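Subject: The structure you asked to look at

Hi,

Here is the structure for you to open alongside this email. Have a scroll through it, and then read on for what turned up.

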Amino acid sequence: MTTNTLIFIALVALAVLCLSLAMFVPITQPRLNRSALLKRRLATLSAENREQQQASIFRTRRLDGLSPLLRRLESSRLLERVAFELELAGSGLYAYQLLFRVGLLSLLLAGACWWLWHSGLMVLMALVLPAVLVYFKLRRNYAQRLAMYEQQLPEALDIMKRGLQAGYSFSDTIKIISEQMPNPLGREFALVFADISYRKDIRKAMAGLLERVPSVSNMALISAVQVQRETGGNLVENITKLTIIIRDRFKFNRQLKTLSAEGRMSGWVLVLTPFILFAAMFVTTPTYVTELFITEEGRKLMMVGGFTMALGTWWISRIIKIEV
């Protein structure tokens, strides 16, 4: 393949990328602006809670069960961040346990890559791959947990509304919700009730909930509670309206998923087709495919192909993902 051919292919790829950006950016830019505004709002509401530098009660109880050495290790800044991500994902692991398992798996993969291919680049990829996979797994579990929380929230707001109408205090309704609702919402509201009982400050307890569950519906609930406590108003009426809005959002979201099902299926087909063709070629003509593994040029093509596949998968996921 000549240099002019390679330049032509690169220019064609660049033109396709620019055309994709021309269609993709105008559609997603308003959503990105709203997402940035939401993140700034979430950061503002949770800043006061973070400034207290106090660990959650759940985290403190877990640390009490460790030895002094492990407690000091778990309390380091890096492991604190990892532990917070594990807590968001609903995992029961300690941060040091996760890092030990990921490190051990990385070393085993790196040793296997060096034994098979004697390639420093493959060893480097093997060292990084487990951490990347664990990161995406935690983010996926967190997204699923957040979606489940959003589904349970309207029912929890109905319980809160009935409790307030019956004469219970706000903290008592939080306790009732934690006892009657399943996880993850029940556990989160149990932490809120424990935080209220410990700090005697509803604002900071709700800010901690928002930091753990940063969703639009949660932000609306916490804003309504804070406004009612600072300026007064009918909290029951606000919760009723908020429940209607959340249920309407879910209804619209389901309709949107139905209408976008064809696009999401097309994305899956585009992502899985190269792997299916590779498997078919490996079955029919294994000697042709093994050249990719036993030669230096083949390994370079595999690495470049893996990188471009990952980039294309990310790009397709950004296109077909629509936030409501």
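Let's start with two helices that are neighbours in the chain. Helix H8 (residues 185–199) packs against helix H9 (residues 202–212) at an angle of about 150 degrees, and their axes are 8 Å apart. Angles over 145 degrees count as roughly antiparallel, so H8 is roughly antiparallel to H9. The two cross in a right-handed way. On the H8 side, the contact is made by Glu188, Leu191, Val192, Asp195, Ile196 and Arg199, and on the H9 side by Ile202, Lys204, Ala205, Met206, Leu209 and Arg212. Sorted by class, this contact of H8 with H9 has seven nonpolar and five charged residues, and no polar ones.

One thing to keep in mind as you go: this is a predicted model.

Next, have a look at helix H10 (residues 216–231) and H11. Their axes come within 10 Å and cross at roughly 170 degrees, which means that H10 is roughly antiparallel to H11. From H10, the residues in the contact are Ser217, Ala220, Leu221, Ala224, Val225 and Gln228, and they meet Leu235, Asn238, Leu242, Ile246 and Arg249 of H11. By class, that contact of H10 with H11 comes out at seven nonpolar, three polar and one charged residues.

H11 has another partner too. Helix H6 (residues 120–165) packs with helix H11 (residues 235–259) at an angle of about 160 degrees, with 9 Å between their axes. So H6 is roughly antiparallel to H11 as well. The crossing of H6 past H11 is left-handed. Which residues of H6 meet H11? They are Glu150, Gln151, Leu153, Pro154, Glu155, Leu157, Asp158, Met160, Lys161, Leu164 and Gln165. Their partners in H11 include Leu235, Ile239, Leu242, Ile246 and Phe250. This contact of H6 with H11 has eleven nonpolar, four polar and six charged residues. If you want to compare lists, Leu235 of H11 is in the contact with H6 and also in the contact with H10.

Now for the empty spaces, beginning with a pocket. The second largest pocket has a volume of about 1200 Å³. Its lining is made of 26 residues, and those nearest its centre are Met125, Met302, Gly305, Gly306 and Phe307. Helix H5 (95–117), H6, helix H12 (261–284), helix H14 (291–294) and helix H15 (296–320) each give two or more residues to the lining of this pocket. Which helix gives the largest share? That would be H15, with ten residues. By class, the lining of the second largest pocket has 22 nonpolar, three polar and one charged residues.

There are closed spaces as well: the count comes to two cavities of 30 Å³ or more. The second largest cavity has a volume of about 50 Å³. It is lined by Leu88, Tyr142, Arg145, Leu146, Tyr149, Pro184, Glu188, Arg212 and Val213. H6 gives the largest share of that lining, four residues. By class, the lining of this cavity has six nonpolar and three charged residues, with no polar ones.

Here is a link back to the start. Glu188 and Arg212 line the second largest cavity, and both also take part in the contact between H8 and H9. Try finding those two on screen.

Cheers

Methods. Residues are numbered from 1 along each chain as its sequence is written. This is a predicted model: local features need pLDDT of at least 70, side-chain atom pairs count only at pLDDT 80 or more; totals for chains, interfaces and linings use all residues. Side-chain values use heavy atoms; hydrogens and water are left out. Axes are lines fitted to C-alpha atoms, for helices over the stretch in contact, and angles run from 0 to 180 degrees between N-to-C directions. Angles under 35 degrees count as roughly parallel, over 145 as roughly antiparallel, 65 to 115 as roughly perpendicular and the rest as oblique. A crossing is left-handed if the near helix is turned anticlockwise from the far one by less than a right angle, and right-handed if clockwise. Contact means heavy atoms within 4.5 Å. Ala, Val, Leu, Ile, Met, Phe, Trp, Tyr, Cys and Pro count as nonpolar, Asp, Glu, Lys and Arg as charged, and the others, Gly among them, as polar. On a 1 Å grid over the protein atoms alone, a cavity is a set of points where a 1.4 Å probe fits but cannot get out, and a pocket is an open set with protein on both sides within 12 Å along at least five of seven lines; lining residues have an atom within 4 Å of a point. Grid points are joined across faces, edges and corners, and a volume is the space filled by probe spheres set on the points.
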